[in-house]
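Take a moment to turn the model around before reading on. Then let's walk through it together, one piece at a time.

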Amino acid sequence: MATGALLIPGTPAQAIVGGRTVQTDSEYPAVGRLLVPYAGGKELCTAILIRTDVALTAKHCFTTEGYNAKNGPITLRFGSRMASSGGQVREATDFVLGDGFDLALIQFPSVTGIRPLPLVTKTESALYKNGTVGLAVGWGVTSTGKVATQLQEGALKIEDQVYSLPQTIKGYNYLMKASPYSGKIGGGDSGGPLINEHVVNGAVVQTVVGVVSQGSKGDAAAYTKVGSTRTWIMDYLNRTPVIVPAPSTPSTPTPAPGPANKAPVASFTATRQTGAGNLVTLDGTASSDPDGTIRSWQWLVDGTPVQTGSRVTVSLGAGASKSVTLRVTDDKGATGAVTRTVSTANRVPAISAVAPGNGTVSASTTPTLSVTATDPDADALQRSYRVTGPSVDVSSGWVAGTWTVPAQRLDPGTTYEMTTTVKDPGGLTATRTSTFTVAMLPTAADVVATSTGAGYWQVDTYGNVFAYGDAPLFGTLPGIGVKVTNVIGMARTATSRGYWLVGSDGGVFAFGDAPFFGSMGGKHLNAPVVGMAPTRTGKGYWLTAADGGVFAFGDAGFYGSMGDKHLNASVTAIAPTASGKGYWLTARDGGVFAFGDAPFFGSMGDKHLNAPVVDMDTTPDGGGYWMTAEDGGVFTFGNARFHGSMAGQHLNGHVTGMSATADGGGYWLNGCDGGVFSFGNATYRGSHPTFQCRGIG
């Protein structure tokens, strides 16, 4: 809005700056322009029509410069938005001044066809409570410093019911404080109204809650509270007869009145847009007029005018909801309004993509996780990633962008579930669950000691063999042009002059003096092969599968299996007896199953394990056995002696296998990263710790 002070010497009256110019006479016909003459000029103020012959204004418009009737009449113009034309001009016949408050009442011959503005009552104090936004209307100068030629409107927010800061004019009571919202007062607006505009039964109701008194530093304004002075106002109105203007004799017959103009009907839709600031598109094109056309659309948010036009996009600002009013004016000046509560509640973000993508393969055990997400309110989002799988549950916590899974957390060839969550500042979240598989990268699968115990072999999942100590190298799968990724173990011949490699599909590969006796390669398996054990003669071998199935080849006898029985946990290893007439199977839960002449010496099947059992080996005489778990824990049974373990220690790669020395006085443990750990009389001969896999601790 933009109005200001009339440039007359010594004028302390106030004006509105920073709002809007009133466009039609029908918007505020009851807000009048008041001129009070004095010796040096005319005091410019604003007046409010409260009865057809009485206006309310500020007392200081009369007292600041000293009004004297000899200087000319007091004049008022109502019914026009223009400063010096249109409407109805009246000369005052009387006025009274408030005692101890900044109000004055002026009487004059009645105006016609103009509805007075109602005054707030004491029971309507909610209309001027703190935080309420009111409309200020006045005749001050514009922000350019020039006299306004049209009526101006702005909005101020009531902040305090008692205004006690130093004022320009002292000695006035019943003042409340209002500060600029979309306009401020200045010279020329004194005596003007502070109007609470609200909707009752679809109609706009304007109620006067205050009268401009004065301004102060900081652009705040003091308003005389109408509710506190209403008794004085009503007393004057009740005891003062209405002055009816003298009737005029028409020179021609008055035509019969036509039908009354019907008010337009306001209607609108609100569509929230994507972006910051709670953008909403308001569409009032559905509004209608029963007997004419709609000329203007005005939009108010929480009572404050914000834009004009039939279809606009506005920012409603912070908050869970806003009160939006559409006020329409037809071609004859009638108005209609509708108010709706528009929700601006926080909206849920959305995830459009994650990486690695669902069902894809990651080429690394340390993949970088990311998410593509949007927030309809343009809020910054936090991200959280969680990866779960066999023996794995690792999370990022809340991060701003991508997150790389730390090393030694994931295993090659394993499928993991990824749970991705995004969160906005209001706490709303969106979550997507997906899976990815780590590529079958090479890891160390097993360790096998030579018959002398002075060396050992390691084999990786690609079929590479690494020889240490007195262990000779007889070949590898890559060396003979075989490309696989599923080697799970190896076994040596009795002479240590050869060895077999076995894959999870049951395929067997023989090197050195190790004969080939057959395999399960190319045959249907109910579960993958997990272990291999040779006979003591070296002329046969057994394979075992995760479901407990046993497959015998060469001179290996079949003594039974768990293939058709219920298992609490999958089988992980097989070990033969000294005679070769039996064997043991061990499961992930530490359960042991004995077949043939294999005695049962005990198990971990009914005990708590920190990590699953992965392998077993027997003492030379078959009078006992060891089991090892992923965390490097070692468990002894029968005459097997405990020589130490890696339990409770950090491992770069979890343990995958074990092998005992020739006399049973020690053993080696194999880590999936290629590390080798020796205990008892087992001598460390070397290792190949170059692989990436899941660690422990």
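What follows is a short tour, from the domains down to single residues.

Keep in mind that this is a predicted model. The domain assignment splits the chain into four: domain 1 covers 14-239, domain 2 covers 269-344, domain 3 covers 350-439 and domain 4 covers 444-680. If you take the centres of domain 3 and domain 4 over their C-alpha atoms, 36 Å lie between them.

Now let's look inside. In soluble globular proteins, nonpolar side chains tend to be buried together. Here the largest nonpolar core is made of 60 residues, and the ones with the most contacts inside it are I50, L56, F78, Y223 and I233. Strand 3, residues 41-51, gives this core its largest share, with six residues. To get a feel for the packing, pick out I233: beyond its neighbours within four places in sequence, I233 is in contact with I50, L56, L103, L105, L119 and V226. Apart from this core there is another one, with 20 residues, and L369, A373, L381 and V422 are among them.

Aromatic rings are a good thing to hunt for next. How many aromatic pairs does the structure hold? The count is 25. One of these is the pair of Y583 and F595, which is tilted, with 5.7 Å from centre to centre and 40 degrees between the planes. Y583 sits in strand 40 (residues 582-587) and F595 in strand 41 (residues 592-596), so this pair ties together parts that are twelve residues apart in sequence. Are these two residues buried or exposed? Y583 counts as buried because its relative accessibility is 0%, and F595 counts as buried too, at 11% relative accessibility. Elsewhere, W457, F474, Y499 and F511 come together as one aromatic cluster. A ring can also have a charged partner: R340 lies over the face of F268, at 5.1 Å from the ring centre.

Next come a few spots where the backbone is worth a look. Start with the peptide bond from A355 to P356, which is cis, with omega near 0 degrees. You'll find P356 in the loop between strand 22 (350-355) and strand 23 (360-362).

Two other residues have a positive phi without being glycines. For D302 the angle is about 55 degrees, and D302 belongs to the loop between strand 17 (294-301) and strand 18 (304-308). For S496 phi is near 65 degrees, and S496 lies in the loop between strand 33 (487-492) and strand 34 (498-503). How do they sit relative to the surface? D302 counts as partly exposed because its relative accessibility is 38%, whereas S496 is buried, with a relative accessible area of 6%.

Let's finish with one more serine, S645. Look for S645 in the loop between strand 44 (634-638) and strand 45 (655-660). The side chain of S645 reaches the backbone nitrogen of A647 at 3.3 Å. Leaving aside neighbours within four places in sequence, S645 is in contact with G632, G633, V634 and F679.

Note on methods:
Residues are numbered from 1 along each chain as its sequence is written. This is a predicted model: local features need pLDDT of at least 70, side-chain atom pairs count only at pLDDT 80 or more; totals for chains, interfaces and linings use all residues. Side-chain values use heavy atoms; hydrogens and water are left out. Helices (H or I, at least four residues) and strands (E, at least two) are DSSP runs, numbered from the N terminus. A polar contact is a pair of N or O atoms within 3.5 Å; within protein, one must be able to donate a hydrogen and the other to accept it, and residues adjacent in sequence count only if both atoms are side-chain atoms. Contact means heavy atoms within 4.5 Å. A nonpolar core is a set of buried Ala, Val, Leu, Ile, Met, Phe, Trp, Tyr and Cys residues joined through side-chain atoms within 4.5 Å. Buried means under 20% relative accessible area, exposed over 50%, partly exposed in between (1.4 Å probe, protein chains only). Rings of Phe, Tyr and Trp (its six-membered ring) pair if their centres lie within 6.5 Å; planes under 30 degrees apart count as stacked, over 60 as edge-to-face and the rest as tilted. A charge sits over a ring if NZ of Lys or CZ of Arg is within 6 Å of the ring centre and within 35 degrees of the ring normal. Domain bounds come from an automatic or database domain assignment.
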